[in-house]
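This briefing covers a parallel sheet, the helices that connect its strands, two individual residues and a set of salt bridges. Please read it with the structure open.

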Amino acid sequence: MEEDLILKSQLILGGSGMKVPQGFDHPYADPKGDGTGSIIASFGGTRFRMKYSPDKGEFELCEDQEGYYLTHNGEPFIDHIEFIQAFCHSPEQANVNLGKFSSTAEILAYVDRIVATGTVKGIPVSLGPDSTLDDCIELVGMIHSRYPEIPIGLSYEVTEKDTLQALKDAGLTEFKVSVGSTVPRIFDALHDGESMESIIGCLKEAADIFGKGKVCSGLFAGLGETDEEMEKSIRDLSSIGILTDLKVKKNRKAFEDKLGKIEPLSVERLAMFGRMLKDIEAEYGLDPRTMDTLCLACRCCNLVAFRDY
């Protein structure tokens, strides 16, 4: 499991993707016309999503009689990977973005089609630019009536307590709003003009409504935080019953005008943050396996304690 954590950390930080053989084709791939694309794969107890190209890549996909394996800069890396089929953005989920559909009937037909594959364990919902929370509440109610056994999650922004309760009453089971960091200078760089107190307050109310372990918040690594600051951010969330979705901000250059020069995040340090996350969540009786939707169930681009390692 420790080895999986190191390998997953290296995959997350790998910036140039995966080189594939010329003419690479797989039924689980999401290809583009120029031979590039993305694909989801698994190894050990975890999974990852990676962009691929026939021309370049820090990692290289190879195949032998036993299946596919990965090398890294020409050296052995993962001796066996398996590709995962995803019928939409996340494996085992039916992702619904209200902005991508023209009608409720179209959304429900889409959900029916994905659920019919027999793979769906959760339905994450997100709002489009022209959709409202009232639209979301109505849709959640329709999906819940149709599939009462499938959990539904919503990733959104600061939401009033009465609206959170209305979403819960309609059938929503999980909720996410990302704080990014509870370190003031990093929070301010991520959230121009927003209030950390309002996000933390919303998370507390959401935990009261949906329950401990059914609400999560994103934290970003790689923005110049110290080890102590990352620990504080994880602990700030864990202490109020909120699970952490630990991701890496790869476009750190965009924040250097506000935060100063940011040193690259190493594989060892990201893995250390992963161990820290697991220890702190265990201390507070939290386990992301309680989440059935959204990023903690997807696991393609983040570190998820107890599930990944």
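In this predicted model, strand β10 (residues 152-155) and strand β11 (residues 174-176) run parallel and are joined by three bridges. Within that pairing, Ser155 has Lys176 of β11 as its bridge partner, and the two strands combine with helix α4 (residues 161-170) in a right-handed β-α-β unit. The points below set this pair in its sheet and then turn to helix packing, to two buried residues and to the salt bridges.

**The parallel sheet**

- The pair belongs to an open sheet of six strands, in which the order is β8-β9-β10-β11-β12-β13 and the pairing is parallel.
- The edges of this sheet are formed by β8 and β13 (243-248), each of which has a single partner strand, so one side of each is left without a neighbour in the sheet.
- Strand β9 (residues 123-126) runs parallel to strand β10 (residues 152-155), and three bridges join the two; here Val125 is paired with Leu154 of β10 as its bridge partner.
- A right-handed β-α-β unit is also made by β9, helix α3 (residues 133-146) and β10, so that β10 takes part both in this unit and in the one that contains α4 and β11.
- On the other side of the order, β11 pairs with strand β12 (residues 215-221) in the parallel sense over two bridges, and the bridge partner of Phe175 in β12 is Val215.

**Helix α3 and its packing**

- Helix α3 consists of 14 residues and spans 20 Å from its first C-alpha to its last, which is close to the 20 Å expected at 1.5 Å a residue.
- Its buried residues are Leu133, Cys136, Ile137, Leu139, Val140, Gly141 and Ile143.
- An α-helix has 3.6 residues a turn, so residues three or four places apart point the same way.
- The elements against which the buried residues of α3 pack are β8 (96-97), α2 (104-115), β9, β10 and α4, and β9 and β10 are also the strands with which α3 makes its β-α-β unit.

**Two buried residues**

- Thr159 is located in the loop between β10 and α4 and, with a relative accessibility of 4%, counts as buried.
- A polar atom of the Thr159 side chain lies 2.8 Å from the backbone oxygen of Glu157.
- When neighbours within four places in sequence are left aside, Thr159 is in contact with Leu133, Leu164, Phe175, Cys202 and Glu205; of these contacts, Leu133 is among the buried residues of α3, while Phe175 has Val215 as its bridge partner in β12.
- Val115 has its place in helix α2 and, at 17% relative accessibility, counts as buried.
- Not counting residues up to four places away in sequence, Val115 touches Val120, Tyr147 and Ile150; between Val115 and Tyr147 the separation is 32 residues in sequence and 9.0 Å in space, C-alpha to C-alpha.

**Salt bridges**

- How many salt bridges does a search of the whole structure find? The search finds 18.
- One pair is formed by Glu2 and Arg275, whose closest N and O atoms are 2.6 Å apart; Glu2 lies in helix α1 (residues 2-13) and Arg275 in helix α9 (residues 267-283), so the pair ties together parts that are 273 residues apart in sequence.
- Both members of that pair count as partly exposed, Glu2 at 42% relative accessibility and Arg275 at 31%.
- The side chains of Arg235 and Glu283 also meet in a salt bridge, at 3.0 Å from N to O; because Arg235 lies in helix α7 (residues 227-238) and Glu283 in helix α9, this pair ties together parts that are 48 residues apart in sequence.
- In this second pair, Arg235 is partly exposed with a relative accessible area of 24%, whereas Glu283 counts as exposed at 52% relative accessibility.
- A further salt bridge joins the side chains of Asp287 and Arg289 at 2.6 Å, N to O, and Arg289 counts as partly exposed at 47% relative accessibility.
- Salt bridges also link Lys8, Arg299 and Asp308 in a network.

Note on methods. Residues are numbered from 1 along each chain as its sequence is written. This is a predicted model: local features need pLDDT of at least 70, side-chain atom pairs count only at pLDDT 80 or more; totals for chains, interfaces and linings use all residues. Side-chain values use heavy atoms; hydrogens and water are left out. Two strands pair if DSSP finds at least two bridges between them. Helices (H or I, at least four residues) and strands (E, at least two) are DSSP runs, numbered from the N terminus. A crossover is right-handed if, with the strands pointing away from the viewer, the path from the first strand over the helix to the second runs clockwise. A salt bridge is a side-chain nitrogen of Lys or Arg within 4 Å of a carboxyl oxygen of Asp or Glu. Buried means under 20% relative accessible area, exposed over 50%, partly exposed in between (1.4 Å probe, protein chains only). The expected span of a helix is 1.5 Å times one less than its number of residues. Contact means heavy atoms within 4.5 Å. A polar contact is a pair of N or O atoms within 3.5 Å; within protein, one must be able to donate a hydrogen and the other to accept it, and residues adjacent in sequence count only if both atoms are side-chain atoms.
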